[in-house]
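Please look at the sequence and the model below, then work through the questions that follow.

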Amino acid sequence: MTDFLIDGLPPTEADLRYLAIVNYGAYTSFRIEDAGVRGLELHLARLDASAIELFGEPVGEDRLRDLMGLALGDRRDAWLRVSLFSPYIRARLPSDRVLPKVMTVIAPPPPPLADSVLVQPQTYVRDTAHLKHTATFPLIHARRVAREAGFDDALFTDADGLISEGSLWNIGFLTGDTVVWPQAPMLEGIAQALISRGLAAVGLTERHAPVHLIDLAAFDAAFLCNSATPACPITAIGDHVFGAAPERIDRLARAWSSNTPQPI
């Protein structure tokens with residue numbers, strides 16, 4: 001069974017040449033559990049909105065479901081990345097309105113990013129931050145810089161210290177039984193949305209507010225979340241150390257897991 005397909009077929013040499021040279025597209029990725037996906041409708045909506053914005057044409061939920069099912073085959077548990085691209089769009093020819101190709105890549109589910117992380121604030125705002133696009137050079141470079149400085153990962157802020165997101169994840173803060181999500185240009189993560197849906201069931205509330213580095217002392221704890229890591233404590237941001245909050249971190253994970261996987 002082929003793990004790498006483009007529109008349901010093995011990639012052609014022309015497709016691979018384009019993907020190696022041009023970095024224009026969008027993607028989403030997620031864990032498949034017993035042939036289902038938590039927040040599947042959110043991933044499908046993300047891809048369709050990205051297709052319209054980047055290529056001028058919707059990709060279509062039915063087409064996405066068909067190609068995802070073809071990629072999965074008889075597997076019940078896996079990690080699936082679904083990417084959109086078009087060889088008709090390149091640096092000298094950027095303006096075509098085209099139906100994007102759909103690339104699916106199946107892999108074993110990855111482990112969570114970590115059990116806890118120490119993060120380095122870095123001044124950076126992603127281009128077109130609301131999109132999960134394929135321009136990942138700055139993210140990888142930021143993680144590399146952070147690790148060379150003795151941290152585990154990078155947290156992005158603007159020049160005024162306004163916190164947005166991490167390299168591969170969203171960040172949340174805890175004050176009592178309230179989750180505070182930062183307001184800033186960022187990718188609205190699907191793990192974040194799933195946690196939000198389940199907060200009431202675990203006795204937590206939420207609010208959205210601008211959070212600056214100078215505000216960190218107002219919070220009890222911080223955590224990161226993404227599709228592979230439902231809730232991981234952030235032990236420190238720069239030199240600001242947070243207390244442990246294992247019970248509330250566990251409640252966040254339970255809020256995420258309260259979302260039932262949806263069949264493809």
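Q: In which helix is arginine 46 found?
A: Helices here are DSSP runs of H or I with at least four residues, and strands are runs of E with at least two, both numbered from the N terminus. This is a predicted model, in which local features need pLDDT of at least 70 and side-chain atom pairs count only at pLDDT 80 or more, while totals for chains, interfaces and linings use all residues. Residues are numbered from 1 along each chain as its sequence is written, and side-chain values use heavy atoms, with hydrogens and water left out. On that basis, arginine 46 is found in residues 40-55, helix α2.

Q: Which side chain of opposite charge is nearest to arginine 46, and how far away is it?
A: Lys and Arg count as positive and Asp and Glu as negative, with His and the chain ends not counted. Arginine 46 is buried (under 20% relative accessible area with a 1.4 Å probe, protein chains only; exposed is over 50%, partly exposed in between), yet it has no salt bridge, a term that requires a side-chain nitrogen of Lys or Arg within 4 Å of a carboxyl oxygen of Asp or Glu. The nearest side chain of opposite charge is glutamate 188, at 8.2 Å.

Q: What kind of ring pair do tryptophan 181 and phenylalanine 223 form?
A: Rings of Phe, Tyr and Trp (its six-membered ring) pair if their centres lie within 6.5 Å, and planes under 30 degrees apart count as stacked, over 60 as edge-to-face and the rest as tilted. By this rule there are six aromatic pairs. The centres of tryptophan 181 and phenylalanine 223 are 5.6 Å apart and their planes lie at 75°, so the pair is edge-to-face.
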